[in-house]
Amino acid sequence: MLSYDESLNLNYYKKTSFTGWMRPIRFIIKMEKLEDETQIFHAWVWPEPYTFDLTDDSLKLDFTAPFSEEGKKQVVDWVNSQQEIFSSKK
């Protein structure tokens, strides 16, 4: 499971994205700016073994949350729940 501490601090996301894997999924979490300049977290999960770019879009699930500490917790909880769901399918 991904922990809140492992998911890094908000300043990290202002510079780059956070990627990782937890069998049987891979994930990416990043900060995005909407047209109105609102910042959000945008996260994706997809089944192993391929990278994001090599995985068919139909296999990717995504989630958004406010760009805040609470939003980061929501994203971590969502990634963990997806890992449990994907694991139960095997």
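This passage describes the strand arrangement, the helix packed across the strands and the surroundings of one lysine in a predicted model.

The model contains an open sheet of four strands, arranged in the order β1-β2-β3-β4 with antiparallel pairing. Strands β1 and β4 form the edges of this sheet, each pairing on one side only; β4 spans residues 61-66. Averaged over the sheet and with direction ignored, neighbouring strands are turned by 20° against each other.

Within the sheet, strand β2 covers residues 25-33 and strand β3 covers residues 39-47. These two strands run antiparallel and are joined by nine bridges. One residue pair in this ladder is formed by Ile25 and Pro47, the latter being the bridge partner of Ile25 in β3.

Helix α2, comprising residues 69-88, lies across β1, β2, β3 and β4. Relative to β4, the helix runs at about 160°.

Lys14 is located in the loop that links α1 (10-13) to β1 (18-22). The relative accessible area of Lys14 is 48%. Because this value falls between the 20% limit for buried residues and the 50% limit for exposed ones, Lys14 is classed as partly exposed. When residues up to four places away in sequence are not counted, Lys14 touches Met31 and Phe67. A further spatial relation links Lys14 with Glu32: the two residues are 18 positions apart in sequence, and their C-alpha atoms are 8.7 Å apart in space.

Technical notes
Residues are numbered from 1 along each chain as its sequence is written. This is a predicted model: local features need pLDDT of at least 70, side-chain atom pairs count only at pLDDT 80 or more; totals for chains, interfaces and linings use all residues. Side-chain values use heavy atoms; hydrogens and water are left out. Buried means under 20% relative accessible area, exposed over 50%, partly exposed in between (1.4 Å probe, protein chains only). Contact means heavy atoms within 4.5 Å. Two strands pair if DSSP finds at least two bridges between them. Axes are lines fitted to C-alpha atoms, for helices over the stretch in contact, and angles run from 0 to 180 degrees between N-to-C directions.
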